[in-house]
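Student: I would like to go through this model and ask, for each label that is used, what justifies it.

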Amino acid sequence: METPSSHPKRRGRPKGSSTKSKEERGEKEPHSSGRLRGKAAAAVDEKYVQWKSLVPVLYDWFANHNLVWPSLSCSSVRGKGEKGKWPRRGSSSEDGEKSSKYGEEYLMWKSNIPVLYDWFTNHSSLWPSLSCWWGPIVEQGSLKNRQRLYLSEQTDKSVPNTLIIANCDVVKPRVASEDHIANFNEEARSPFVKKYKTIIHPGEVNRIRELPQNKNIVATHTDGPEVLIWDIEAQPNKHAVYGAAASRPDLVLSGHQDNAEFALALCPMEPFVLSGGKDKTVVLWSIEDHISTLAADAPKSGGSGGSIIKCADNPSIEPRGIFQGHEDTVEDVQFCPSSSQEFCSVGDDSCLILWDARVGNNPVVKVEKAHDADLHCVDWNPHNDNLIITGSADNSVRLFDRRNLTSDGVGSPVHMFEQHTAAVLCAQWCPDRSSVFGSSAEDGLLNIWDYEKVGETKDTEAKSEDDSPPGLFFQHAGHRDKIVDFHWNASDPWTIVSVSDDLETSGGGGTLQIWRMSDLLYRPEEDVLSELQQFKDHVSKCAPKFKG
């Protein structure tokens with residue numbers, strides 16, 4: 001393969017040139033590559049660098065193509081698209097094929113990634129993950145942090161189901177370039193997500209939660225009645241091949257009389273575990289019933305803090321309490337952020353129930369008909385323990401204030417957030433701002449809401465069809481199938497991981513996306529306007545230099 005000369009030719013032929021080469025004419029190749037020398041070259045380079053930094057501002061579209069040999073002429077030929085129409089603005093030659101595969105709305109979203117996101121990465125997997133959860137930061141860098149990410153693989157049983165511990169390189173804010181986040185292949189794996197360890201899980205992995213008191217301990221829900229506890233660092237790495245033996249959990253929590261698949265929560269105050277299941281009960285355990293002190297039985301290792309799980313021939317414990325009050329499957333549970341004895345639950349009986357272990361095993365407050373259909377999820381505000389959100393098969397998210405709820409089941413939501421067109425599967429408060437939460441649904445959308453914006457009035461006199469519902473200020477539309485779980489990153493609060501089960505769109509597999517919306521969307525308005533004004537002033541000063 002020929003390589004280009006390190007000294008590119010000047011454009012055109014020199015005056016009086018003939019067909020003889022320079023060597024035949026006795027001429028020498030100029031020592032420089034056509035660039036100016038000294039101060040003049042430095043000035044040109046400085047102007048070029050300044051121009052390049054303003055490309056995103058000055059241009060709607062720009063592409064650079066380096067040639068082996070110079071072209072002395074150029075011309076463009078523009079073809080017509082489908083039905084004789086000119087291609088739409090922003091379209092490519094592949095849009096026809098992609099449009100049929102992904103849909104126009106998805107392609108429109110993808111074209112807006114550089115505007116909407118500060119960072120985005122897409123990871124395609126052979127098997128869908130039904131749960132995702134951020135772990136601790138394991139390495140800090142100047143441009144990115146390496147962080148644990150817990151995932152699962154739900155297989156067709158040709159290979160075992162697995163619990164995946166991955167290392168994720170989380171790019172810091174305002175580091176990623178436009179090309180870096182906008183150009184990705186939907187069918188490819190992300191270079192930012194790497195498997196660290198594989199645990200062969202006995203059954204499906206429907207929920208993953210991390211123990212706040214020890215970052216090496218996670219709990220999982222499976223398609224059985226038990227809750228499984230895993231010491232991530234102590235577990236050996238396994239290869240998920242057909243016939244491989246399942247990994248052995250470090251602790252088994254028993255107490256349910258029927259399968260408990262989705263309702264799982266770990267207490268931020270004490271090492272308590274809460275679960276709900278098909279037996280219509282809520283079960284409470286304390287890992288302290290089966291632990292050793294960190295200084296005694298568990299060997300200390302560098303920075304890990306040691307395991308809190310005792311080794312035993314029969315690693316199983318019984319519950320501290322079983323709470324009855326639901327009339328159908330319990331779908332989700334959550335601890336009160338400020339109390340290890342107070343918690344809530346929701347179920348297929350359309351009820352929201354508040355419990356207090358200090359006063360017995362019966363409901364303290366039971367809201368009958370909290371939604372018009374099954375309830376799938378619940379979360380308690382970590383900044384204000386009076387506020388609870390719930391998500392339901394009626395396509396809505398509802399906000400409750402427990403001060404307005406009474407023991408006779410009377411209580412109406414503070415507000416109903418309606419925009420989803422299918423069942424809401426997950427709802428979760430933002431760890432950074434008390435009024436913000438997210439909701440994901442079977443419609444493939446992840447909405448970000450701010451209840452403080454509900455009462456804001458619009459400047460326009462008439463409401464158009466395109467106006468978003470009250471409180472909705474961002475919508476992530478990158479998934480092409482139902483979003484089964486998502487999790488805010490407490491170490492980088494506006495970074496979110498979301499996973500979808502792509503059975504309906506691609507016949508199998510799953511998609512994991514890690515993303516952070518542009519901070520211009522959630523920062524205080526006065527700060528954003530001030531920054532944009534400074535940027536505008538800078539562009540105004542620089543733009544005249546590049547006229548013509």
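The conversation below takes up confidence, salt bridges and burial in turn.

Student: How confident is the predictor in this chain?
Tutor: This is a predicted model, and the mean pLDDT of the chain is 83, with 78% of its residues reaching 70 or more. Over residues 292-308, however, the pLDDT is below 50, although this stretch has 26 contacts in the model beyond near neighbours in sequence. Where pLDDT is low, the predicted coordinates should not be read in detail.

Student: What makes R146 and D169 a salt bridge?
Tutor: Their side chains meet at 2.8 Å, N to O, and since the cut-off is 4 Å between such atoms, the pair qualifies. R146 lies in strand β3 and D169 in strand β4, so the pair ties together parts that are 23 residues apart in sequence.

Student: Why is D169 called buried, and R146 partly exposed?
Tutor: Buried means under 20% relative accessible area and exposed over 50%; D169 has 9%, so the label buried applies, whereas R146 has 32%, which lies in between and is therefore partly exposed.

Student: What makes D372 exposed, and what is R398, buried or exposed?
Tutor: D372 has 54% relative accessibility, which is over the 50% limit, so D372 counts as exposed. R398, with which D372 forms a salt bridge at 3.3 Å, has a relative accessible area of 8% and is therefore buried.

Student: Why is strand β15 described as largely enclosed?
Tutor: Six of the six residues of β15 (residues 330-335) are buried, so the strand is largely enclosed by the rest of the structure. Five bridges join β15 to strand β16, and the two run antiparallel.

Methods:
Residues numbered from 1 in each chain as written. Predicted model: local features only at pLDDT ≥ 70, side-chain atom pairs only at ≥ 80, totals over all residues. Heavy atoms only, no water. pLDDT = per-residue confidence, 0-100. Contact = heavy atoms within 4.5 Å. Buried < 20%, exposed > 50% of the residue type's maximum accessible area, 1.4 Å probe, protein only. Helix = DSSP H or I, 4+ residues; strand = E, 2+ residues; numbered from the N terminus. Pairing = 2+ DSSP bridges.
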